[in-house]
Amino acid sequence: MLQQGRTRAGTKADVITVVLGTWFSVGLFLDAWAHSNLTELESFFTPWHAVFYSGFSATAAWICWLVYRNYQQGRRGLNAVPVGYGPAVLALPVFAVMGVLDYTWHSILGIETDIEILFSPTHLGLAAAMIVIMATPLRTAWLDTSRDKPSFPALLSLGFCASLVLLFLQYADATVYPAEAIVERFSYEQGKSTGIVGKLTASIFVTNLVMLAPLLFAARRWTLPFGTATTVQVIVAGLSASITAFSNLGIAAALVLSGVATDLLLVKLRPSEQRVVQYRLFGFLMPLITWLFYFGGAIVLTGRFPTVTETWTGVPLVAALSGLLLAVLFVPKPVPVRL
Amino acid sequence: MRVLLLVLGLLLVGTPVAHAHAGGLTPQNHLSAVTSVDPPLSGVQVRMINHGTQLEVRNDGSAPLVIAGRTVRPGETARFRDDRTTADTWQIPLGESVVRGTTTRYDAPNALMWLLITVAVAALGVFLGRGLAWLAVATVLVTAANVAHALGSTMVVTGGSFLPLFVGASGVGLVCWPLAVLCAGAAVARKPATAFVAATVGAMLVVASIPDFDSFRFAQLPFAGSADLDRALVAITLGGGLALAVGGFSWMRRETAA
């Protein structure tokens, strides 16, 4: 008998989606590591591509199974697609077509081993489709009106989406710097600051937005439970560290600790769209905490302070102010209505 | 079903080809080989490896050797590509000696015949849709052919670790092979999911094996066995995969229509 209306996939199904998505994402980060660290990639048929594309195939098969299961139960057309899975059903063939174009691109132009990997149009198409697929558990939780807290798969999905965005902004990723490099960059001679100081500073501001935006986004919809920020930081810092072959583990650990501190802040402030002051305060304090832990970690790990005090103490403050600005943009004051 | 077929159809058209021969080796109609080292060097072995694409120099002698700008010390083995080895007859200085070799050209096989064999295997899909047991047996057989192809193309590679090469050659096999086991289990339990899994494995294997069409066009295949055996495995994977996709979907259509 034909069934009307769309159905939810359920938390168990979302867990499987996020597990398969993890396989998919790890494949991408392995591939990114290989492109960054192995200079002689002679073939498209590498173990890294195999993990990546098999992860995609497994995710695609799973989502098709969810649709087929609903079809078996009498749902037809869009009604056969679980709530929140629609964009993923569209993104799967987009990803597949981009995969073929990527293969063709590699065959004609060769295999990228430097920053150009992040600008190849086929890679950008793959990444965009991948983020839509990976965001599926986040969408299903967002659309579930019976919940006032995000599901764990939704948090994992949030973390993976943020890490994918940061992967494609790798040239402005501050998390990949080892402690020694951070202290050195901010220890320049007065009047002789070079471009590399500016590069790390700009990287901190870009990374700050990528780390803060998911939390501000989620806080508009849910009361975020303790562990939210830590989960996101573990995924973002962990996957970023994997690209450097874990040469910056100390800084990654400092960022995870900043996630724990941010979780305490979340519990204390309970920022939400309705609690605008707390929401904006969170937007200011989260970056301040994160980057103080970042510089604090670098100082503890190297046993010395950066010599230019103004910059390393001011950078967290600028990040905090930009976070406040972002919070204002996420939840602006209502436009006054003329009476 | 139309949504599902549309998505699977697009996936079929577009899924990246993550399966082929290991180590970047490709089929070709020529093969280079070393014929002699003149004058012979005691303890030194020279041969073409990796489907005739690389020269390997193993120095078990007592003195260092220089070849193509590289120094091979006693106890060392050097492997490298050298474009000179693609000429019909070639020679490369090796210390005071010369490595001589030839490149043999071969006629391409009858691609049309292999294509017809593939189509004939694919035609079995009409019968596979009649029962879950047939679908499961065919899934296991087609997958076994795929595993054998991946193993054979990995074993022919010299100078790399087996596991990464095998994983690279397996591609979406990493998903298809466990799914084939799942398909057999589902058939034993008489679950309708058997047809879905069979169709999925079939569709994935077809797409993954598309680059292997080259096995029908070229004489020399990078495979640890006879080239005809590899072509047969590719024909079974491609044709059988298509048969599974067709058979699985026709079973699902009948079931949902009933």
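**Domain contacts and backbone oddities in chains A and B**

No salt bridges turn up between domain 1 of chain A and domain 2 of chain A: the count is 0. This is a predicted model, and polar contacts do appear across that same boundary, with 4 residue pairs found at pLDDT 80 or more for both partners. On the domain 1 side of chain A, helix H1 (11-37), helix H5 (136-142) and helix H6 (152-167) each bring at least two residues to the surface that touches domain 2 of chain A. H6(A) is the biggest giver here, with 6 residues. Sorted by class, that side of domain 1 of chain A holds 14 nonpolar, 4 polar and 4 charged residues.

As for where the boundary lies, the domain assignment splits chain A into domain 1 (1-160) and domain 2 (169-331). Taken over C-alpha atoms, the centres of these two domains of chain A sit 27 Å apart. Domain 1 of chain A puts 22 residues into the contact, and domain 2 of chain A puts in 20. The size of an interface is often given as the accessible area lost when the parts come together. For the two domains of chain A, the buried area comes to about 2000 Å², with 77% of it on carbon and sulfur atoms. Within domain 1 of chain A, the residues that lose the most area to domain 2 are Phe29(A), Trp142(A) and Leu158(A), which together make up 31% of what that side buries.

Chain B is put together another way, since its domain 1 comes in two stretches of sequence (2-28 + 107-257), while domain 2 covers 30-105. Over C-alpha atoms, 38 Å lie between the centres of domain 1 of chain B and domain 2 of chain B. In this contact, 12 residues come from domain 1 of chain B and 10 residues from domain 2 of chain B. The two domains of chain B bury about 850 Å² between them, and carbon and sulfur atoms account for 52% of that. Three residues carry much of the domain 1 side: Leu25(B), Gln28(B) and Thr158(B) supply 63% of the area that domain 1 of chain B buries against domain 2 of chain B, more than any other three residues.

Salt bridges are missing at this boundary too, with 0 found across the interface of domain 1 of chain B and domain 2 of chain B. Polar contacts there number 5 residue pairs, both partners being at pLDDT 80 or more. By class, the side of domain 1 of chain B that touches domain 2 of chain B has 6 nonpolar, 5 polar and 1 charged residues.

The backbone also has a few spots worth a look. In chain B, the peptide bond between Asp38(B) and Pro39(B) is cis, with omega at about -10°. Pro39(B) falls in the loop between strand S1 (30-38) and strand S2 (44-49) of chain B.

Positive phi values show up in both chains. Ala245(A), though not a glycine, has a phi of about 60°. Ala245(A) belongs to the loop that links helix H9 (228-243) and helix H10 (249-269) of chain A. Because its relative accessibility is 47%, Ala245(A) counts as partly exposed. In chain B, Arg190(B) is another residue other than glycine with a positive phi, near 55°. The loop between helix H6 (173-188) and helix H7 (193-209) of chain B houses Arg190(B). With a relative accessible area of 72%, Arg190(B) is exposed.

Methods. Residues are numbered from 1 along each chain as its sequence is written. Chains are lettered from A and ligands numbered from 1 in the order in which they are written. This is a predicted model: local features need pLDDT of at least 70, side-chain atom pairs count only at pLDDT 80 or more; totals for chains, interfaces and linings use all residues. Side-chain values use heavy atoms; hydrogens and water are left out. Helices (H or I, at least four residues) and strands (E, at least two) are DSSP runs, numbered from the N terminus. Buried means under 20% relative accessible area, exposed over 50%, partly exposed in between (1.4 Å probe, protein chains only). Domain bounds come from an automatic or database domain assignment. Contact means heavy atoms within 4.5 Å. Buried area is the accessible area (1.4 Å probe) that two parts lose on being put together, summed over both. A salt bridge is a side-chain nitrogen of Lys or Arg within 4 Å of a carboxyl oxygen of Asp or Glu. A polar contact is a pair of N or O atoms within 3.5 Å; within protein, one must be able to donate a hydrogen and the other to accept it, and residues adjacent in sequence count only if both atoms are side-chain atoms. Ala, Val, Leu, Ile, Met, Phe, Trp, Tyr, Cys and Pro count as nonpolar, Asp, Glu, Lys and Arg as charged, and the others, Gly among them, as polar.
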